[in-house]
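Please look over the structure shown here. A short report follows, with one table along the way.

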Amino acid sequence: MAKKNNSDFIDISGLLKLYLKNWYMFAISVTVFLGIGLAYAFMYLPKYSVNANLLINPEEDAMPGMASGLSSLFGSEGYVEDEIFIVSSHTVYREVARDLKLNISYLTDKNIFAKQIDYPKHPVELTPQGGIMDTLRSGITFKLSIDKNGKASISGKMKRSTVVKVKDVTLPYVVTTPLGKFAFSKTADYPAGKKLNLIIGVQSYDSAAEDMAENISAEIASKRSNVITLNTVTTNPDYGMAILNAVMEKYNEKGIEQKNDQNRLTAKFLSERIDILSDELSSSEGDLESFKQRNELYDIAQNTGYTFSKKATYEGQLVRARTEAEIIKMTQDFLNAPENAYSLVPVMTDNEALSLAIQNYNDNVLQLMDLMQSAHPDNSMVKRLREQIDTMRANILTSIGRTYATTAVRINDLEREMNSADSKLSHLPAQERELRKLNRDLTVKQQLFIFLLQQREQTALQLATAFPKGTTVDKAFTLSKPVGMGKKAIALFALFLGLLIPPIILFIRQLLNDRFETRQDVENITDVPILGEMCTDRSGNRMVVSAESTSSTAELFRLMRSNLLFVLNDPNDRVVLITSSTSGEGKSFISINLAASLSLLNKRVVLVGMDIRKPQLANYLNISPKFGLTQYLSSSAVTLDQIITPLEGTPGLDVIVAGPIPPNPAELLISQKIDDLVSELRRRYDYVILDTAPIGLVSDTFTLNRVTDASIYVCRANYTSVKDLEEVNRIYDNNRLKKLSIVVNGTASKKSYGYSKDKDRVKA
């Protein structure tokens, strides 16, 4: 196989030569990238990481029983993730943007990196007309320029269209835009007597909240931790710290507000029930007073003392049972009211099972309240939570019904026992029994009234001492080292890019280029022997070889001649075929000068133009013979001597030109007359050089292989394709041309051969 396999190694030497050849690309690339890197490092604004830590306090009884124990074992990640959603909600960010006026940004306009003015100081303040910010949908950007004399120029753009432009005005000044009026005024930080260029951007609160959501990250510090870490990266650390602190404060405010909403609802319910009980208590006390006056019962203690302690016990139990029944009935009425469908239920019963059910119901209502602050009512989670609350409410009402029925049965049992005790006291007046009944009713209402008063005071205390959900572990703080690359790193990275880009470009260029460039490339592609290589000759002469010539091109032909003589090692080897893949590769130039070089050895040489389809030999040598090869082959009237033309100025070199283009070139070249011609030329001349047609176009050259002793294939750097050389490999492997060798034409002499650029002589 003639083609070399170069896939198993990297040609380090070839790469180095390629890089040295294109050194200017490295110089330009390094200069450009290093310049850009240094300019960027000079104008680059360092960014700092601002952090804050917020501890989330779990709600009391949020996970009762076993669930609470599992929460402490595995952490409360789910609950804290819900709080992360609230901390980073659009509602919180929007309110922070409104409170800190983050929808208005002040930037200095000094270079391509517009720098934010140190927060909260800014030399000029922009004040929108009242109500604009609440309805603003599109933003507007103002450019403000103030000269040393205090004269200002203001221009405003909306969606790249200028909507306002004024010059030479004095601040304070009010401009009118399609969005409304905006007032520009100086602040205490205004630098008098100095030029000032500012960019002031105005956007809606919602847009500012969206920007905050992109720049602020919130995440759990660790899986078993209740700490939320807030982070933002900014060029203005004070600005970043102010935002994070405001976010934590707003989150806590919302937590307190949520708790207070629950307590205010409970207080309202208690106040309404206390007002009703107050009226009922006054009525019961009036009935008791009227009964005593009507029946003249003044010595109550003596007439109504109980003689049996058992009866006193029944009476106390009956009072407690009726109180419990009344509380259960009030809770049932509250849950049945449509306006309280998703409201918190006051927990006032002593029934542990019912109290736990109501507490779980309240937890779900609180979760719904939290979700409704940032979620749409049609949200799937909201719908699912509402369905869960509806189911729990129905279950609680069922439990209340069963509990109330059980309490009613107990009351009936106690009343029956009381009636039994009363029957034993039949000797007491009927007035005493009536008095006791009135006293019992009054006692129930008094105890219930006192209980509700206590609950109202506890609720008022909770309103006054509401604690936030989150505890600030670390207020916003800035890390001392800036994030990202420093100036040295930027410069080194730019240098690295400058050194990296040229090899990439060269690799892509070689990948896309299907032409070889150097002799080394040819050697890597094929194993066909290389007879010699020819540098690019810029003299413009077709004949560069003469007895007096010492140019580098002439010397290379002499070297090529020596190699050819080594190939023609048999005394009978005299006929050399020269071909190429296509026209333009220098085949005729090589043929002419190689023939001339052989004639300098005092040998008789004939150059035969056998490219009869596209003859160029006569034009190159500037000769016009009367007869040519095609006329000799097609007519018996033309003799060999008539087509041989001695070349003037080159003793020993004769030329046979191709002649007119025949209609049947292929048939002429396979005729017996060609064999006879070559045999006669062998007898007359020491060397016969056949300038044949390119093998990539026609098959004429292969038909001449029968009369030749050696073959030369001419390829040209940056012209002949790799595919053509691969075809030469197949020709060489199949021995379709005798003693095939290659001449590499068109290479650069100063990099390939060691010839002097200033003198036409060989250095070595």
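## Two buried threonines

Thr331 sits in helix H10, which covers residues 309-336. The model is predicted. Thr331 has a relative accessible area of 7%, so Thr331 is buried, the cut-off being under 20%. Beyond its neighbours within four places in sequence, Thr331 is in contact with Val345, Ile358 and Ile400. Another residue to look at is Leu397. Thr331 and Leu397 are 66 residues apart along the chain, and their C-alpha atoms are separated by 9.0 Å.

Thr407 belongs to helix H12, residues 380-424. Thr407 is buried too, at 10% relative accessibility. Apart from neighbours within four places in sequence, Thr407 is in contact with Ala321, Ala325 and Ile328.

## The protein as a whole

How many helices and strands are in the protein? There are 25 helices and 21 strands. The protein has 764 residues, and buried residues make up 42% of them. Now take the contacts with a separation of 6 or more. Residues 24 or more positions apart account for 77% of these contacts.

## H16 meets H17

Two packed helices are described by the angle between their axes and the distance between the axes. H16 and helix H17 (residues 587-599) have axes that come within 9 Å and cross at roughly 75°. Angles of 65 to 115 degrees count as roughly perpendicular, so H16 and H17 are roughly perpendicular to each other.

Which residues of H16 and H17 meet? From H16 come Thr553, Phe557, Arg558, Met560, Arg561, Leu564 and Leu565. From H17 come Phe589, Ile590, Asn593, Leu594, Ser597 and Leu598. The residues of this contact divide into eight nonpolar, three polar and two charged.

Arg558 deserves its own look. This residue is found in H16, which runs over residues 552-567. Is Arg558 buried or exposed? Arg558 is buried, because its relative accessible area is 16% and the cut-off is under 20%. Its side chain reaches the backbone oxygen of Ser546 at 3.2 Å. Not counting residues up to four places away in sequence, Arg558 touches Ser546, Ala547, Ser549, Ser597 and Leu600.

## Positive phi and a cis bond

Next come residues with a positive phi.

| Residue | Phi | Place |
|---|---|---|
| Lys101 | about 60° | just after H5 |
| Asp168 | about 50° | strand S7 |
| Asn602 | about 60° | loop between H17 and strand S16 (605-609) |

Neither Asp168 nor Asn602 is a glycine. Asp168 counts as exposed, because its relative accessibility is 57% and the cut-off is over 50%. Asn602 is exposed as well, at 74% relative accessibility.

Helix H5 covers residues 90-100, and its buried residues are Val92, Tyr93, Glu95, Val96 and Ala97.

What kind of peptide bond joins Leu171 and Pro172? The bond is cis, with omega about 5°. Pro172 lies in the loop between strand S7 (161-170) and strand S8 (173-177).

## Cysteines

A disulfide is a covalent bond between the sulfur atoms of two cysteines. How many disulfides does the structure hold? The number is zero. Cys535 is buried, with a relative accessible area of 2%. Cys715 is buried as well, at 0% relative accessibility.

Definitions and conventions:
Residues numbered from 1 in each chain as written. Predicted model: local features only at pLDDT ≥ 70, side-chain atom pairs only at ≥ 80, totals over all residues. Heavy atoms only, no water. Helix = DSSP H or I, 4+ residues; strand = E, 2+ residues; numbered from the N terminus. Buried < 20%, exposed > 50% of the residue type's maximum accessible area, 1.4 Å probe, protein only. Polar contact = N/O pair within 3.5 Å; in protein donor to acceptor, adjacent residues only side chain to side chain. Contact = heavy atoms within 4.5 Å. Disulfide = S-S within 2.5 Å. Axes fitted to C-alpha atoms, helices over the stretch in contact; angles between N-to-C directions. Parallel < 35°, antiparallel > 145°, perpendicular 65-115°, else oblique. Nonpolar A, V, L, I, M, F, W, Y, C, P; charged D, E, K, R; others polar.
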